[in-house]
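User: I am in my first year and would like a close look at one part of this protein, namely how neighbouring helices pack against one another. Please set that part in the context of the chain and explain the terms in formal but plain language.

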Amino acid sequence: MPAFSLFHYIQFQLQQSYSVNLLSKRSVKMAFPSKEAQIKTFLKSMFDEGLLDCQFTQIQALQDANNPDFVNEVVTLFCTDTERIITEMNKFIKLNSYAVRLTGSSSSIGAARMKAACVDLRRASDDESKERCLQALDAMTREYCLFRNKFHTLMQLDKGFIGMDANQQ
């Protein structure tokens with residue numbers, strides 16, 4: 001196809017696409033899932049992947065109109081503390097006591113896979129196996145990073161919709 005006719009073909013396709021997108025606001029809204037539906041779907045995927053357990057649902061239940069950022073604050077505090085502890089653990093300082101601490105905090109916010117990785121690290125530490133400790137610490141760090149990244153995505157999704165809600169009003 002000559003470049004000129006290819007250009008016209010692409011232009012035609014874009015015009016067709018544009019005219020299809022000129023739907024009423026009501027139709028467009030129906031085409032996109034609501035903020036709540038997208039967040040619910042994303043959270044479900046985190047539960048399905050085993051990243052979260054029922055404890056997270058209990059944390060969500062504590063959030064209300066008086067404290068609308070409760071979940072965000074709790075998980076952010078967890079992430080800040082966890083990053084500091086992982087740095088110390090990589091120096092093999094108080095490895096077992098930190099593993100116990102992270103097991104508890106992971107469990108308390110419902111970070112199921114992180115908790116399981118911490119339990120494995122505690123077992124490796126109890127067995128005094130440096131090789132297993134390194135493997136378990138690496139696995140725990142990966143689980144933490146996955147949890148943090150998914151939670152960050154969830155918060156961005158929520159903030160994005162908050163911005164959209166303000167722009168639509």
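Analyst: Of the 169 residues of the chain, 28% count as buried in this predicted model. The chain holds eight helices and zero strands, and its elements, read from the N terminus, run α-α-α-α-α-α-α-α. Among contacts with a separation of 6 or more, 60% join residues that lie 24 or more positions apart.

Two packed helices are described by the angle between their axes and by the distance between those axes. These two quantities may now be applied to the helices H5, H6 and H7.

Helix H6 comprises residues 95-109, and helix H7 comprises residues 112-126. Their axes are 8 Å apart, and the packing angle is about 160°. Angles over 145 degrees count as roughly antiparallel, and H6 and H7 are therefore roughly antiparallel to each other. The crossing of H6 and H7 is left-handed. On the H6 side, the contact is made by Leu 95, Asn 96, Ala 99, Val 100, Leu 102, Thr 103, Ser 106 and Ser 107. On the H7 side, it is made by Met 114, Lys 115, Cys 118, Val 119, Leu 121, Arg 122, Ser 125 and Asp 126. Sorted by class, the contact of H6 with H7 has eight nonpolar, five polar and three charged residues.

Helix H6 also packs with helix H5, which spans residues 70-89. The axes of H5 and H6 come within 10 Å and cross at roughly 165°. That angle makes H5 roughly antiparallel to H6. The crossing of H5 and H6 is left-handed. H5 contributes Val 74, Val 75, Phe 78, Asp 81, Thr 82, Arg 84, Ile 85, Ile 86, Glu 88 and Met 89 to the contact. H6 contributes Leu 95, Tyr 98, Ala 99, Arg 101, Leu 102, Ser 105, Ser 106 and Ile 109. The residues of the contact of H5 with H6 divide into eleven nonpolar, three polar and four charged.

The loop between H7 and H8 contains Glu 128. Glu 128 has a positive phi of about 55°, although it is not a glycine. With a relative accessibility of 71%, Glu 128 counts as exposed, because the term applies to values over 50%.

Beyond that loop, helix H8 covers residues 130-168 and includes Glu 143. Glu 143 has a relative accessible area of 17% and is therefore buried, since buried means under 20%. Leaving aside residues up to four places away in sequence, Glu 143 touches Leu 51, Arg 113, Met 114 and Ala 117. Among these, Met 114 of H7 also takes part in the contact with H6.

A further charged residue, Lys 35, lies in helix H3, which covers residues 35-48. Lys 35 counts as buried at 19% relative accessibility. Although Lys 35 and Leu 157 are 122 residues apart in sequence, their C-alpha atoms are 8.0 Å apart in space.

Finally, the cysteines deserve a brief remark. A search of the whole structure finds zero disulfides. Cys 54 is exposed, with a relative accessible area of 55%, whereas Cys 133 counts as buried at 5%.

Notes:
Residues numbered from 1 in each chain as written. Predicted model: local features only at pLDDT ≥ 70, side-chain atom pairs only at ≥ 80, totals over all residues. Heavy atoms only, no water. Axes fitted to C-alpha atoms, helices over the stretch in contact; angles between N-to-C directions. Helix = DSSP H or I, 4+ residues; strand = E, 2+ residues; numbered from the N terminus. Parallel < 35°, antiparallel > 145°, perpendicular 65-115°, else oblique. Left-handed = near helix turned anticlockwise from the far one by under 90°. Contact = heavy atoms within 4.5 Å. Nonpolar A, V, L, I, M, F, W, Y, C, P; charged D, E, K, R; others polar. Disulfide = S-S within 2.5 Å. Buried < 20%, exposed > 50% of the residue type's maximum accessible area, 1.4 Å probe, protein only.
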